[in-house]
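The following report describes the fold, the ligand surroundings and selected local features of one protein chain. The sequence and structure are shown first.

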Amino acid sequence: MRFQAEYDVIVVGGGHAGTEAALAAARMGCATLLITHNIDTLGQMSCNPAIGGIGKGHLVREIDALGGLMARAADRAGIQFRTLNSRKGPAVRATRAQADRGLYKAVVRHALENQPGLQLFQQAVDDLVVEGERVTGVVTQGGLRFGAPAVILTVGTFLGGRIHIGEVQYEGGRAGDPPANALARRLRALPLRVERLKTGTPPRIDARSIDFSRLQPQPGDTPPPVFSFMGQVADHPRQVDCHIAWTGPRTLEIIRENLHRSPMYSGVIESVGPRYCPSIEDKVVRFADKDRHQIFIEPEGLDTHEVYPNGISTSLAFEVQVALVRSIEGFERAHITRPGYAIEYDFLDPRDLHPGLECRALQGLFLAGQINGTTGYEEAAAQGLLAGVNAARRVRDLPPWCPRRDEAYMGVMIDDLITRGTREPYRMFTSRAEYRLLLREDNADLRLTPAGRELGLVDDARWAAFETRREAIARENRRLESTCLKPGAVAADTASRLFGGPLTREYTLQELLRRPGVGYADLMEIPGAGPGVADAGVAEQVEIQAKYAGYIQRQRDEVERSRRLEETPLPADLDYAAVSGLSHEVRQKLAQHRPHTVGQAGRIPGVTPAAVSLLLVHLKKRD
Ligand code: FAD
């Protein structure tokens, strides 16, 4: 008798997408199995030991708002925290945590092992069970068969993975792990579009061989920010410094002299890498006028000497890497513990997906993470969570759920991927969001936690904390709107410092808070105005809502105006040849992309506003 077992949802891969997917499906009550190559690498960070950053931090807070793990894991494993862009507007402020790699994995594994409804299994998945146009299970390397109406593939850089270090090439999913070749062959045989991308990572270095006295220390923020809406500073372990180093003139010479030994420049690698995370050889070529490049020396953890030199990702030959590293000031005696490398891998064209991340061609097959052409832990985790939700909804015959572009960065990312696809590893930036004043890190819970509760992702403790916070914000807003300060009520020196002179009439606290340069804390010091709320998160929210009210309202109005297009569905069987007035090119594009809504159609490159109007006319006539 052959072994066989049935689940509601099977997740293949235990990286950042897979772990969030499995947790989400299990939180929603599905019997879930997470199968991965190696249980010891659950939650492993393949590249830099850091979570968050601009755009990415926004995704982490959204994952958290929906009850996901990443923010809580970063809080428990973060050894340095900073708020980036802290002097800029709230839309672009972002949290970044340097993580202890080992601790991060331990937190992820603990969460997975303790999630009711979730089982773990270690083995490679080599095959999918396909019945007609549906996926109904997986087969492992050992021939074991697991069945489920929903299967989520989150196999990262492993599909047909090929590692490059100078002239040396070998097969691998990432350093130290096998590739997923059998699964890659199977996917290539299915009606899915497969392409290649590449990414790279720097060599790791033994800190004991670095002269830190010649580097510039970079401490974290005090007090350190907290990622999770449910977190606190006390969750953080011991905090440490990062350091800043610079490439020297000799570094650039070494790279230029050895470019022919970089597989990217010798023509061995043809696939495209992440434009915004370029290798050092790319930087030297692309920014030829720059005479030095910054390197952040990031500790890999509290109990290890290894450091991660962020900024010198390379696939140059190993001996060139040694020379390159030793040409950096303070690194003259550096010992490399792991070589840098580039990896090429298969990804599947995300335009073949529905908004719920289910394949159009195969019901029950969901894809999330690097397999969809993205790069980054946060992008992967966000997709994983959404795929977990939608796999659970597929099992229950519920329609897919995905936030809109005006509701979440997650919505922006999914819409970008499924509408435009990608030709290079896709990463999140705040500039990708047209409504970025609405999509701030600080309000991710207000935007998403109610939806998360309805979906079954948010537990009672989080919901109670959320309701308390939401009510406190509303109460304080009401108080600011109804409390007035009379002209004589503010001491002359305070009035001149805060308002540039005495008040000439009665003002509400809300009106005063809107004035430039007046902070919530300043206002609360005025007798009759304070003491205000003690919770810093509530105070921050009240201040941002007051200060940016006009801009926020303008973006809301824009959202309303475009809502008609976003909410007008385009039938899956629409015959674009029958839409009169469309150019041949637009017809072809629409027939090929098959957008889900008129709004989405308008974002396909080449589809003009005039074409959108013709579509609306056609739909009206059809009705
Ligand atoms: P992964 O984290 O790769 O996880 C995939 C999981 O699937 C693994 O657990 C693996 O064991 C498992 N698996 C694979 N195939 C099978 C199978 N057939 N059966 C069972 N289990 C399987 N991101 C950045 O943001 N910036 C960078 O500069 C950057 N550089 C990178 C450099 C390198 C060399 C690598 C490898 C990655 C880099 N990344 C970078 C990307 C980052 O690591 C990924 O974006 C992120 O880890 C993707 O998450 P994921 O869950 O999709 O896949």
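## A mixed four-stranded sheet

Strand 9 (residues 134-140) and strand 10 (residues 145-147) run antiparallel and are joined by three bridges. Within this pair, Val-139 has Arg-145 of strand 10 as its bridge partner. The model discussed here is a predicted one.

Both strands belong to an open sheet of four strands, ordered 1-10-9-8, in which the pairing is mixed. Strand 1 (4-6) and strand 8 (125-131) form its edges, and each of them pairs on one side only. From one strand to the next, the twist averages 25°.

## Overall dimensions and composition

The protein chain contains 20 helices and 24 strands. Along the principal axes, its C-alpha atoms fill a box of roughly 85 × 75 × 55 Å. The radius of gyration is 26 Å, which agrees with the value near 25 Å for a compact globule of 623 residues.

Of the 623 residues, 48% count as buried. Contacts between residues at least 6 apart in sequence include many that span long stretches of the chain: 72% of them join residues at least 24 apart.

## The ligand shell

How many residues surround the ligand, and which of them come nearest? There are 39 residues around the ligand, and those that come nearest are Gly-13, Gly-15, Gly-156, Gly-369 and Gly-376. By class, the shell divides into 15 nonpolar, 21 polar and three charged residues.

Several secondary structure elements supply at least two residues each to this shell: helix 1 (16-27), strand 3 (32-36), strand 14 (194-201) and helix 9 (377-395).

## An antiparallel four-stranded sheet

Strand 14 also takes part in an open sheet of four strands with the order 13-12-21-14 and antiparallel pairing. Strand 13 (168-171) and strand 14 stand at the edges with a single partner strand each, so one side of each has no neighbour in the sheet. The twist from one strand to the next averages 25°.

Inside this sheet, strand 12 (residues 162-165) pairs with strand 21 (residues 341-348) in the antiparallel sense over three bridges. His-164 stands opposite Ala-342 of strand 21.

## Strands 16, 17 and 18

Strand 16 (residues 216-218) and strand 17 (residues 242-246) run antiparallel and are joined by three bridges. Strand 17 is in turn joined to strand 18 by four bridges, again with the two strands running antiparallel.

Which residues stand on either side of Ile-244 in these pairings? Gln-216 stands opposite Ile-244 of strand 17, while Phe-296 in strand 18 is the bridge partner of Ile-244.

## The loop that holds Gly-301

Gly-301 lies in the loop between strand 18 (294-299) and strand 19 (306-310). Is this residue buried or exposed? With 20 other C-beta atoms within 10 Å, Gly-301 is buried, because 20 or more such atoms is the criterion for a buried residue.

Gly-301 and Asp-100 are 201 residues apart along the chain, yet their C-alpha atoms are separated by 3.9 Å. Apart from its neighbours within four places in sequence, Gly-301 is in contact with Asp-100, Arg-101, Gly-102 and Leu-103.

## Cis peptide bonds

Two peptide bonds preceding proline residues merit description. Thr-222 and Pro-223 are joined by a cis peptide bond with omega of about -10°, and Pro-223 is located in the loop between strand 16 and strand 17.

A cis peptide bond also joins Gly-530 and Pro-531, where omega is about 10°. Pro-531 is found in the loop between helix 15 (520-524) and helix 16 (536-547).

## Positive phi outside glycine

Asn-85, although not a glycine, has a positive phi of about 55°. Asn-85 is located in the loop between strand 5 (78-84) and strand 6 (94-99). With 14 other C-beta atoms within 10 Å, Asn-85 is partly exposed.

Leu-357 likewise has a positive phi, near 70°, in a residue other than glycine. The loop that holds Leu-357 lies between strand 21 and strand 22 (365-367). Leu-357 is buried, with 29 other C-beta atoms within 10 Å, whereas Asn-85 is partly exposed.

Technical notes
Residues are numbered from 1 along each chain as its sequence is written. This is a predicted model: local features need pLDDT of at least 70, side-chain atom pairs count only at pLDDT 80 or more; totals for chains, interfaces and linings use all residues. A residue is near a molecule or strand if its C-beta atom, placed from the backbone, lies within 6 Å of it. Ala, Val, Leu, Ile, Met, Phe, Trp, Tyr, Cys and Pro count as nonpolar, Asp, Glu, Lys and Arg as charged, and the others, Gly among them, as polar. The radius of gyration is taken over C-alpha atoms; the globule rule is 2.2 Å times the number of residues to the power 0.38. A residue is buried if 20 or more other C-beta atoms lie within 10 Å of its own, exposed if 12 or fewer, and partly exposed in between; C-beta atoms are placed from the backbone. Two residues are in contact if their C-beta atoms, placed from the backbone, lie within 7 Å. Two strands pair if DSSP finds at least two bridges between them. Axes are lines fitted to C-alpha atoms, for helices over the stretch in contact, and angles run from 0 to 180 degrees between N-to-C directions.
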